[in-house]
Amino acid sequence: MSEAKLIQIPKILDERGNLSFIEKGNEIDFDFKRAYWIYDVPGGEIRGGHAFREQKELIVALSGCFDVVLHNGKKECCYSLNRSFIGLYVPGMYWRSMRNFSTNAVAMVLASTFYDQSDYIRDFETYLELKNKDA
Ligand code: TYD
């Protein structure tokens, strides 16, 4: 999967409360090595603001809502996440930031790599150069 896209996550409806799950090979096609989550984001704060060279990820709003703004080197697209059964798949080499967090928002990220600072591109101009060189 080379394009960013929204992915439907299975949802088991139950009177006792709903349940969702993600399995490699079904909802996502990459091995995930790490999960992290972002929460207690003060109003107006922006997270992200970088690209990953290699890391692929699936972002899920486990609670509340927030926007993920993606740039693919040519154009920008905004995804509003507010359901715990919808994931946003983000391949490597997409510039991304996360903003407009609601007070109760929890952003869970399943990542294809272990944490590696050298995988980050934190300068947008550098990102554009690298991205357009690859294109
Ligand atoms: P960072 O990825 O820079 O946050 P953002 O997505 O908002 O740009 O991570 C913030 C800090 O957390 C940074 O000091 C590195 C650390 N961190 C880890 O130690 N392990 C992780 O898996 C992640 C995602 C971040």
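User: In what order do the strands of the open sheet that contains β8 and β12 stand?
Analyst: In this predicted model, 5 strands form an open sheet with antiparallel pairing. Read across the sheet, the order is β8-β7-β10-β5-β12.

User: Why is one side of β8 and of β12 left without a neighbour in the sheet?
Analyst: Strand β8 covers residues 76-81 and strand β12 covers residues 120-121. Both stand at the edges of the sheet, so one side of each is left without a neighbour, the reason being that each has a single partner strand.

User: Which residue is the bridge partner of H50 in β10?
Analyst: Strand β5 spans residues 47-52 and strand β10 spans residues 95-99. The two run antiparallel and are joined by 3 bridges. In β10, the residue paired with H50 is R96.

User: Which strands are the edge strands of the open sheet with the order β1-β9-β6-β11-β4?
Analyst: This open sheet is formed by 5 strands, and its pairing is antiparallel. An edge strand here pairs on one side only. The edge strands are β1 (5-8) and β4 (34-39).

User: What does the twist average from one strand to the next in the sheet β1-β9-β6-β11-β4?
Analyst: The strands of this sheet pair in the antiparallel sense. From one strand to the next, the twist averages 25°.

User: Which residue of β11 stands opposite R34?
Analyst: Strand β11 comprises residues 106-111 and pairs with β4 in the antiparallel sense over 6 bridges. Opposite R34 in β11 stands A111.

User: Which residues are around the ligand?
Analyst: The shell around the ligand divides into 3 nonpolar, 2 polar and 3 charged residues. Its members are R34, Y36, R47, G48, H50, Y115, Y120 and R122.

User: How much of the area that the ligand exposes when taken alone does the protein bury?
Analyst: A backbone N or O atom of G48 lies 3.0 Å from an oxygen atom of the ligand. A polar side-chain atom of H50 lies 3.0 Å from a ligand oxygen, and for a polar side-chain atom of R122 the distance to an oxygen atom of the ligand is 3.0 Å. Taken alone, the ligand exposes 520 Å², and the share of this that the protein buries is 61%.

User: Which element gives the largest share of the shell around the ligand?
Analyst: Two elements, β4 and β5, give two or more residues to the shell. The largest share, 3 residues, comes from β5.

Conventions: Residues are numbered from 1 along each chain as its sequence is written. This is a predicted model: local features need pLDDT of at least 70, side-chain atom pairs count only at pLDDT 80 or more; totals for chains, interfaces and linings use all residues. Side-chain values use heavy atoms; hydrogens and water are left out. Two strands pair if DSSP finds at least two bridges between them. Helices (H or I, at least four residues) and strands (E, at least two) are DSSP runs, numbered from the N terminus. Axes are lines fitted to C-alpha atoms, for helices over the stretch in contact, and angles run from 0 to 180 degrees between N-to-C directions. A residue is near a molecule or strand if one of its heavy atoms lies within 4 Å of it. A polar contact is a pair of N or O atoms within 3.5 Å; within protein, one must be able to donate a hydrogen and the other to accept it, and residues adjacent in sequence count only if both atoms are side-chain atoms. Accessible areas come from the Shrake-Rupley method with a 1.4 Å probe; for residues, only the protein chains shown count as cover. Ala, Val, Leu, Ile, Met, Phe, Trp, Tyr, Cys and Pro count as nonpolar, Asp, Glu, Lys and Arg as charged, and the others, Gly among them, as polar.
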